[in-house]
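Q: Could we go through this structure together, one topic at a time? I would like to begin with how helices pack.

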Number of protein chains: 4
Amino acid sequence: MTYDRLDPESAVAEAATSFSNWGRWGADDRLGTLNFLTEAKRLQGAALVRRGVSFSLAQSFDMNGPQRGWRRRTNPVHTMLDTGSDAALGTQGMPHGIGGADDVVAMPLQCSTQWDGLGHIFDHGKAWNGRDAATTVTSDGDLVTGIEHMAAHVAGRGVLLDVGRAISPSGELSDGFAITAEHLDETARAQGVQVERGDIVLVRTGQLARVRRDGWGEYAGGPAPGLSFTTAGWLHASEIAAIATDTWGFEVRPNEFEAAFQPLHQVVIPNMGLLVGEMWDLEALGEDCAEDGVYEFFLAAPPLPITGAVGSPINPLAVK
Amino acid sequence: MTYDRLDPESAVAEAATSFSNWGRWGADDRLGTLNFLTEAKRLQGAALVRRGVSFSLAQSFDMNGPQRGWRRRTNPVHTMLDTGSDAALGTQGMPHGIGGADDVVAMPLQCSTQWDGLGHIFDHGKAWNGRDAATTVTSDGDLVTGIEHMAAHVAGRGVLLDVGRAISPSGELSDGFAITAEHLDETARAQGVQVERGDIVLVRTGQLARVRRDGWGEYAGGPAPGLSFTTAGWLHASEIAAIATDTWGFEVRPNEFEAAFQPLHQVVIPNMGLLVGEMWDLEALGEDCAEDGVYEFFLAAPPLPITGAVGSPINPLAVK
Amino acid sequence: MTYDRLDPESAVAEAATSFSNWGRWGADDRLGTLNFLTEAKRLQGAALVRRGVSFSLAQSFDMNGPQRGWRRRTNPVHTMLDTGSDAALGTQGMPHGIGGADDVVAMPLQCSTQWDGLGHIFDHGKAWNGRDAATTVTSDGDLVTGIEHMAAHVAGRGVLLDVGRAISPSGELSDGFAITAEHLDETARAQGVQVERGDIVLVRTGQLARVRRDGWGEYAGGPAPGLSFTTAGWLHASEIAAIATDTWGFEVRPNEFEAAFQPLHQVVIPNMGLLVGEMWDLEALGEDCAEDGVYEFFLAAPPLPITGAVGSPINPLAVK
Amino acid sequence: MTYDRLDPESAVAEAATSFSNWGRWGADDRLGTLNFLTEAKRLQGAALVRRGVSFSLAQSFDMNGPQRGWRRRTNPVHTMLDTGSDAALGTQGMPHGIGGADDVVAMPLQCSTQWDGLGHIFDHGKAWNGRDAATTVTSDGDLVTGIEHMAAHVAGRGVLLDVGRAISPSGELSDGFAITAEHLDETARAQGVQVERGDIVLVRTGQLARVRRDGWGEYAGGPAPGLSFTTAGWLHASEIAAIATDTWGFEVRPNEFEAAFQPLHQVVIPNMGLLVGEMWDLEALGEDCAEDGVYEFFLAAPPLPITGAVGSPINPLAVK
């Protein structure tokens with residue numbers, strides 16, 4: 001599987017054709033590969049809870065985040081409608097000594113730990129399942145595959161592939177490192193876990209550990225380790241329900257073509273219907289898995305059902 | 001336990017003293033009753049997954065919500081940064097036929113299904129654990145008990161008390177109906193479930209079913225069924241980790257005093273440290289429990305870790 | 001000039017053809033009828049300042065506004081980033097006793113007193129000057145006629161036509177009252193003012209006075225007095241630079257066709273290139289003009305140059 | 001007038017005492033030095049319009065602005081509720097071929113060209129006119145001196161002091177350059193203009209020209225030319241109504257004390273009641289004044305009456 005570095009469009013077209021799931025779950029499908037996440041799978045996931053310990057896989061949501069304004073993406077702006085300071089001053093006009101604080105947030109749905117909805121990426125004007133992008137995702141949002149349709153689904157067996165730990169002595173892959181199918185398989189073998197149909201696969205590169213130490217730099221859109229374009233076949237054949245990484249953009253950056261922008265997204269979201277997570281914090285979970293050698297767990301990562309959204313901020317929980 | 005309807009302040013003071021948990025988990029505590037939700041409890045919760053079926057307990061997040069502007073609370077405003085319409089027109093300046101859609105949201109953190117953080121309510125200038133409200137929750141948010149501290153915790157055994165179904169032939173309690181400890185116990189008996197220490201208890205009143213049928217009306221702040229002020233002792237003695245209802249405000253409205261505002265909140269949040277959820281959608285879960293007679297399940301309801309937030313929008317998942 | 005009440009589309013088409021200004025100021029025009037507002041006109045306007053008294057023609061911008069959620073339009077949400085309460089508590093970490101307050105706003109650009117930009121309304125997919133609406137106003141905003149292009153222009157001679165006072169003994173036109181060209185001319189005569197090329201014409205209906213007294217009701221989109229569809233010719237022939245009213249929607253509502261939505265907008269914005277203002281507060285100015293009998297003044301109503309905006313909140317100043 | 005560089009607090013205290021206007025316009029005053037801007041002054045200003053040419057003194061409001069997140073200040077986020085792309089696709093559900101675009105903005109009120117409200121800065125817990133900061137500016141905004149009270153006032157005689165052109169051969173003062181009273185007087189003399197009571201004085205440093213050429217860098221809060229702390233007396237004695245600069249922070253940065261933050265603000269806003277404008281674009285106006293030698297004009301810079309706001313985005317118009 002080699003591609004012409006100068007011709008991303010043909011590479012995308014070939015992969016899109018080979019790995020398309022259009023029509024696989026009927027013309028009305030709104031779930032894509034989440035269809036692989038069956039009740040049996042969820043049952044299997046729950047059975048993996050052995051200690052009852054829980055890990056939040058979310059980065060924080062605040063102004064200290066990585067966003068730098070690209071595509072009008074800011075960090076979350078959280079402001080107060082009422083505060084304890086007001087309450088203590090007695091200016092809230094409330095009876096019997098009650099006081100309250102209340103707050104609002106304004107944020108891009110993909111500013112921090114998130115799921116990409118199926119309406120997030122298009123291929124030549126086509127959205128997931130072959131739909132017309134133009135009428136599927138308008139200013140009113142995603143009218144067909146809005147993330148609210150996934151609200152009840154995203155809980156099941158989670159598997160961590162800590163590629164950073166498996167491949168690199170430092171535990172961190174360098175920026176620009178392309179993770180191949182072989183790396184994924186080798187990591188699974190080394191860490192004693194099997195990726196199965198319906199799993200939610202988490203890939204740790206270690207980049208988040210690095211930027212926490214060194215500063216955000218270009219975390220949001222700059223060079224990063226990530227999945228090689230060549231993993232499209234692995235992602236398709238494995239029949240996983242979802243995948244998430246600790247990087248901004250899931251796939252390796254710079255992308256593996258001369259002039260390209262997220263070509264693997266273009267294959268896996270509109271064509272394969274794969275649920276993709278980004279900016280997950282896999283540090284504490286990674287350490288725990290390294291310690292106890294168990295790389296599978298129950299994972300609940302329900303998106304906020306914002307009607308018509310093409311992404312959702314999330315706080316994924318891994319329970320071991 | 002009777003209170004003077006004309007003297008909410010004394011009633012609150014008495015209940016606050018009787019049912020305080022200040023200091024129970026040390027001076028630095030940021031979790032309140034979530035401390036009851038242990039790893040053993042989470043293990044017990046996971047073991048309740050028998051069919052692998054999952055229920056989203058979230059209402060939708062959109063402009064069709066119940067908010068009417070009180071306290072500057074609007075419904076969520078979701079807007080697009082990029083759309084499929086743009087992508088199809090080829091105006092996005094992206095290579096190889098890729099197109100994208102992106103979005104933002106501006107919303108009060110308590111506009112729809114949510115957790116109240118521990119910094120949401122104060123009692124005479126005191127926040128949870130006896131802290132000074134004035135310096136704990138400022139314009140910079142809750143500097144001590146921000147909801148981000150709960151990020152990893154809220155997963156365990158959920159118990160549904162479908163009081164609507166247990167008490168009322170219609171399955172819906174009328175507005176103003178005060179649910180007492182006796183109603184809670186009777187419901188648990190009738191539905192064959194035991195409320196235990198560390199549980200997350202969901203109380204269905206049926207009001208949401210009614211407003212879905214009849215229109216929002218005054219759902220946000222008007223008359224509603226809910227917990228009686230007299231349940232404070234039950235909430236304390238039961239040592240539950242959290243409680244949530246399908247109503248705007250958890251406690252009965254109008255409140256049970258002549259001139260009062262959410263007096264039970266004033267007891268249970270700052271004094272008891274209880275995690276309170278509101279505006280949950282318990283309809284589908286309620287039907288399922290009525291069908292199979294099983295009112296316990298695994299519940300994952302992780303708040304978004306918005307730094308310093310005094311509440312969080314959530315999509316709670318119940319897995320049976 | 002009579003129109004078939006059942007056929008708004010033909011009526012719009014006929015008026016659009018008759019009163020089009022496409023090409024009048026060249027293919028690159030971004031200003032429409034603001035081209036009539038010349039430096040000479042501005043000079044004439046300034047000369048009208050005789051007393052130095054200034055009137056703000058803006059309604060307030062806050063949660064007590066008329067918006068009810070239509071088209072995701074909320075009232076403005078203003079929140080604080082820092083407060084005096086914080087400053088007084090000494091929690092701001094600032095030296096030498098300085099303290100500060102800071103704030104943010106989230107608001108639709110047409111939630112209160114505003115200008116409609118030229119990209120606000122389209123006629124069969126065409127924007128002002130015959131441009132393709134699809135590529136002119138995308139998710140990135142109005143790429144050609146964004147309101148920023150008007151930033152330096154909107155100051156000149158203002159003329160008040162207080163139709164409410166001229167036509168109705170109560171000073172208020174009833175909802176559904178259609179103001180015709182004859183009403184406009186009659187009002188001008190009665191109030192001793194002439195409408196000239198390049199003027200900014202303000203039409204007071206009195207509806208704002210009524211809703212201030214009686215409550216907003218359906219001010220935002222419901223029945224209202226306003227300009228008749230038949231005034232299109234008057235608006236074109238008069239060569240005014242702009243027009244503004246004290247109502248939500250400038251033209252009479254319900255509209256004068258069986259099933260229609262703002263047909264006069266469809267003629268005057270994309271076809272005529274007319275600058276239209278709405279929700280202006282003409283009460284104090286109206287009283288003053290009635291008192292001194294002078295209905296002309298200097299008017300400065302500069303839009304905020306929000307790049308690509310199709311409307312702008314404004315605080316228009318009339319100086320007499 | 002020399003100050004101890006190590007003791008800003010004493011310097012502020014001394015200047016605050018010497019240059020206080022507390023009580024000058026009564027205990028209920030909400031306008032501060034805007035009281036100097038009388039109707040006579042406005043009349044004088046209007047008479048300065050000789051050519052009818054108008055200059056917008058606003059920077060643009062978009063994501064290409066200087067904000068970098070300090071104090072949760074972002075650049076303005078402008079998003080569309082409806083677009084021409086949607087309209088052209090016919091997905092808006094509107095009759096007779098009408099289509100529409102609509103938009104929203106979320107922005108700090110001081111993200112771009114703006115006025116500081118009187119509630120923006122405090123001195124040891126005191127707001128303008130000696131009020132208690134804690135109860136004057138709460139989470140509900142500035143309850144007393146909100147910027148809406150200035151809505152009708154800010155139009156009058158504007159005077160440009162182009163200090164950059166007068167002092168520096170390049171026309172640009174270097175970062176850290178402190179403009180003294182002598183510089184101001186010298187500039188006025190050189191440019192043939194007199195500063196009078198009630199004027200709105202614009203001070204051009206040329207920094208904006210530099211950052212436009214070289215990139216924003218630290219424009220928002222970093223080193224900049226600006227008024228020396230020692231100009232407090234000049235600002236007081238001149239009895240001007242307002243002052244504005246082309247820099248982020250009006251006064252010189254770094255500030256002229258070892259460890260200080262905007263000490264001149266602390267004197268002039270809460271103590272003197274001076275209206276201060278920042279981030280104005282004085283480039284085109286500066287060029288025009290240099291050309292025709294006329295440094296006075298009519299200036300209208302009405303704030304948006306956002307209820308309780310401590311600042312306002314503005315588009316100031318200078319008409320010559």
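A: Certainly. In chain D, helix α1 (residues 8-18) and helix α9 (residues 263-272) have axes that come within 9 Å and cross at roughly 30°. Please keep in mind that this is a predicted model.

Q: How do α1(D) and α9(D) lie to each other, roughly parallel or roughly antiparallel?

A: They are roughly parallel, because an angle under 35 degrees counts as such.

Q: Which hand does the crossing of α1(D) and α9(D) have, left or right?

A: The crossing of α1(D) and α9(D) is right-handed.

Q: Which residues make the contact?

A: From α1(D), the contact residues are D:V12, D:A15 and D:A16. From α9(D), they are D:P263, D:Q266, D:V267 and D:N271.

Q: How do the residues of that contact divide into nonpolar, polar and charged?

A: Five are nonpolar and two are polar, while none is charged in the contact of α1(D) with α9(D).

Q: What about helix α1 and helix α9 in chain C?

A: In chain C, α1 (residues 8-18) packs against α9 (residues 263-272) at an angle of about 30°, and their axes are 9 Å apart. That angle makes α1(C) roughly parallel to α9(C). The crossing of α1(C) and α9(C) is right-handed. On the α1(C) side, the contact is made by C:V12, C:A15 and C:A16. On the α9(C) side, C:P263, C:Q266, C:V267 and C:N271 take part. By class, this contact of α1(C) with α9(C) has five nonpolar residues, two polar residues and no charged ones.

Q: Let us turn to the strands. In what order do the nine strands of the open sheet in chain D come?

A: The order in chain D is β1-β19-β17-β11-β13-β15-β16-β5-β18, and the pairing is mixed.

Q: Which strands stand at the edges in chain D?

A: The edges are β1 (54-56) and β18 (311-313) of chain D. Each has a single partner strand, so one side of each is left without a neighbour in the sheet. On average, neighbouring strands of this sheet are turned by 25° against each other, with direction ignored.

Q: What holds paired strands together in general?

A: Strands of a sheet pair through backbone hydrogen bonds, and the pairing is either parallel or antiparallel.

Q: How do β11 and β17 of chain D run, parallel or antiparallel?

A: Strand β11 (residues 155-161) and strand β17 (residues 296-300) of chain D run antiparallel and are joined by five bridges. Within this pair, D:G156 stands opposite D:L299 in β17(D).

Q: What is the strand order in the open sheet of chain C?

A: In chain C, the nine strands are ordered β1-β19-β17-β11-β13-β15-β16-β5-β18, with mixed pairing. The edge strands are β1 (54-56) and β18 (311-313) of chain C, each of which pairs on one side only.

Q: In which sense do β11 and β13 of chain C pair, and over how many bridges?

A: Strand β11 (residues 155-161) and strand β13 (residues 200-203) of chain C pair in the parallel sense, over four bridges. One of the positions to look at is C:V159, whose bridge partner in β13(C) is C:V201.

Q: Which strands does helix α2 of chain C lie across?

A: Helix α2 (residues 39-46) of chain C lies across β11 and β17 (296-300) of chain C, and its angle to β11(C) is about 60°.

Q: A new topic: what turn lays chain B on chain C?

A: A turn of 180° with a shift of 0.0 Å along the axis lays chain B on chain C, at an RMSD of 0.0 Å. That is the relation of a two-fold axis. The same surface serves both copies, since 100% of the contact residues of chain B recur in chain C.

Q: And what turn lays chain C on chain D?

A: That turn is also 180°, with a shift of 0.0 Å along the axis and an RMSD of 0.0 Å. Of the residues of chain C, C:A106 comes closest to the rotation axis, with its C-alpha at 2.0 Å.

Q: Last topic, the backbone. Is the peptide bond from A:R253 to A:P254 cis or trans?

A: The bond from A:R253 to A:P254 is cis, with omega near -5°. A:P254 lies in the loop between β15 (242-245) and α9 (263-272) of chain A.

Q: What is the phi of A:R71?

A: Phi of A:R71 is near 60°, a positive value in a residue other than glycine. Most residues other than glycine have a negative phi. A:R71 lies in the loop between β1 (54-56) and β2 (77-82) of chain A.

Key. Residues are numbered from 1 along each chain as its sequence is written. Chains are lettered from A and ligands numbered from 1 in the order in which they are written. This is a predicted model: local features need pLDDT of at least 70, side-chain atom pairs count only at pLDDT 80 or more; totals for chains, interfaces and linings use all residues. Side-chain values use heavy atoms; hydrogens and water are left out. Two strands pair if DSSP finds at least two bridges between them. Helices (H or I, at least four residues) and strands (E, at least two) are DSSP runs, numbered from the N terminus. Contact means heavy atoms within 4.5 Å. Axes are lines fitted to C-alpha atoms, for helices over the stretch in contact, and angles run from 0 to 180 degrees between N-to-C directions. Angles under 35 degrees count as roughly parallel, over 145 as roughly antiparallel, 65 to 115 as roughly perpendicular and the rest as oblique. A crossing is left-handed if the near helix is turned anticlockwise from the far one by less than a right angle, and right-handed if clockwise. Ala, Val, Leu, Ile, Met, Phe, Trp, Tyr, Cys and Pro count as nonpolar, Asp, Glu, Lys and Arg as charged, and the others, Gly among them, as polar. Copies are superposed by least squares on the C-alpha atoms of residues with pLDDT of at least 70 in both.
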